[in-house]
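Student: Hey, can we walk through this protein together? I'd like to get a feel for how it is put together.

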Amino acid sequence: MISRKKPESLNKMPSPSEIWRSSPGTRTATKRALLIGVTYKRKYMLKGTINDVKSMRELLINDFGFKEENILVLTDLQMNTTRKQMVESMEWLVKDCQAGDSLVFYFSGHGIRKLDFEGDERDGFDENICPVDFLTEGMISDNEINSLIVWPLKKDVTLHAIVDACHSGTVLDLEHVYNREQKRWEDNNPPSGNARKKTDGGLAISISACQDHEIAVDTSAFTKTMNGALTYLLVYILKKHRGLTYGDLLDLIHEELSKFNEGGCLPAKFLRKIFKNQLLQTPQISSSKPFDVYKKHFLL
């Protein structure tokens with residue numbers, strides 16, 4: 001007989017969502033996180049998402065003081081990355097949030113752009129993330145993400161979203177996008193003026209793998225294992241440098257990407273050939289409120 005070993009769960013049992021579903025109103029944690037890594041199947045398969053989630057989980061626990069029991073992990077290995085499960089988990093992340101809470105939403109998987117038919121996107125496109133069953137159940141749009149995890153943020157609650165996916169620049173539909181070249185915040189409010197994109201007094205900050213029109217890379221070029229480029233560099237830089245501001249962090253990510261793109265190693269040459277010598281991706285920061293990126297320190 002062939003013994004099939006069950007994949008080790010990245011969630012402390014019982015999972016955070018089970019604890020708080022059975023004990024409403026008893027949440028006292030000030031730091032909690034939702035980490036999602038979707039691998040998909042066949043031609044849609046990504047090989048680095050599980051590694052990404054493991055890296056982020058280890059970073060949160062060892063470097064930012066998150067407790068295992070307050071981190072909810074969704075991966076294909078645990079068969080909990082369906083659209084329904086992702087939406088329910090996003091609701092869990094912000095449920096009953098209160099002043100002082102630090103929340104993290106992390107997603108590693110596919111992102112897709114679609115034409116915007118509601119008139120609330122400045123570029124005419126909606127950005128979407130893809131659950132494992134997106135072909136049958138649909139994607140999760142930037143509008144839905146905004147209503148799920150941005151709207152409920154109360155005063156003095158901070159949400160950090162880290163999205164390692166293609167077309168992820170404004171996937172939270174936050175009102176301000178930082179232009180690194182011009183060193184200023186740009187308005188990303190809906191042109192129609194009818195759509196709500198605001199928090200309930202809290203702060204939402206998103207770090208995206210690329211701009212809305214770009215793709216993001218899942219690669220083994222930086223290490224022997226497959227990882228999303230943003231996730232690998234983010235974790236690497238935060239472990240190497242302490243006390244960074246948001247501006248420092250963004251600059252260092254761009255510097256490392258530029259070194260790779262300009263380097264003479266075979267992976268860099270190969271990827272430059274595929275993408276016709278273009279910079280593979282341009283990570284960016286967006287926020288519900290503008291702030292001085294070179295004075296505000298990055299804290300989770």
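**Two helices that meet**

Tutor: Let's start with one pair: the axes of helix 3 and helix 5 (residues 142-149) come within 8 Å and cross at roughly 35°. Axes here are lines fitted to C-alpha atoms, for helices over the stretch in contact, and angles run from 0 to 180 degrees between N-to-C directions.

Student: Which residues make the contact between helix 3 and helix 5?

Tutor: Helix 3 brings Arg83, Val87, Met90, Glu91 and Val94, while helix 5 brings Glu144, Ile145, Leu148 and Ile149. Contact means heavy atoms within 4.5 Å. By type, the residues of this contact are six nonpolar, no polar and three charged. In this sorting, Ala, Val, Leu, Ile, Met, Phe, Trp, Tyr, Cys and Pro count as nonpolar, Asp, Glu, Lys and Arg as charged, and the others, Gly among them, as polar.

Student: Hang on, what kind of model is this, and how are things numbered?

Tutor: It's a predicted model, with residues numbered from 1 along each chain as its sequence is written. Local features need pLDDT of at least 70, side-chain atom pairs count only at pLDDT 80 or more, totals for chains, interfaces and linings use all residues, and side-chain values use heavy atoms, with hydrogens and water left out.

Student: And what is the mean pLDDT of the protein?

Tutor: The mean is 87, and 85% of the residues reach 70 or more. pLDDT is the predictor's confidence in each residue, from 0 to 100. Over residues 266-270 pLDDT stays under 50, and the model has five contacts there beyond four places in sequence. Where pLDDT is low, the predicted coordinates should not be read in detail.

Student: Back to helix 5. Why is it described as largely enclosed?

Tutor: Because six of its eight residues are buried, helix 5 is largely enclosed by the rest of the structure. Buried means under 20% relative accessible area, exposed over 50%, and partly exposed in between, with a 1.4 Å probe and protein chains only. The buried ones are Asp142, Asn143, Ile145, Asn146, Leu148 and Ile149. They pack against helix 3, strand 3, strand 5 (125-129), strand 6 (140-141) and strand 7.

Student: How many helices and strands are there in the protein?

Tutor: Eight helices and 13 strands. Helices (H or I, at least four residues) and strands (E, at least two) are DSSP runs, numbered from the N terminus.

Student: What order do the strands take in the sheet of eight?

Tutor: That open sheet goes 2-1-3-7-10-13-8-9, with mixed pairing. Its edge strands are strand 2 (71-75) and strand 9 (184-187), and each pairs on one side only. From one strand to the next, the twist averages 20°. Two strands pair if DSSP finds at least two bridges between them.

Student: Which helices lie on it?

Tutor: Helix 3 (residues 83-94) packs on the sheet and touches strand 1, strand 2, strand 3 (102-108) and strand 7 (158-164), with its direction at about 165° to that of strand 1. Helix 6 (residues 229-240) lies across strand 3, strand 7 and strand 10 (203-208), at about 130° to strand 7.

Student: Is strand 3 covered or open on its faces?

Tutor: Covered on both. Ser102, Val104, Tyr106 and Ser108 are buried on one side, and Leu103, Phe105 and Phe107 are buried on the other. Seven of the seven residues of strand 3 are buried, so the strand is largely enclosed by the rest of the structure.

Student: What are its pairings like?

Tutor: Strand 1 and strand 3 pair in the parallel sense over seven bridges, with Ile36 partnered by Phe107 in strand 3. Seven bridges also join strand 3 to strand 7, again running parallel, and Tyr106 stands opposite Ile162 in strand 7.

Student: And the sheet of three strands, what's the pairing there?

Tutor: Antiparallel, in the order 4-5-6, and this sheet is open too. Strand 4 (111-115) and strand 6 are at the edges with a single partner strand each, so one side of each has no neighbour in the sheet. Five bridges join strand 4 to strand 5, and Ile112 stands opposite Asn128 in strand 5.

Student: New topic: is Leu252 buried or exposed?

Tutor: At 18% relative accessibility, Leu252 counts as buried. Leu252 is in helix 7 (residues 246-262). Leaving out residues up to four places away in sequence, Leu252 touches Ile237, His241 and Leu244.
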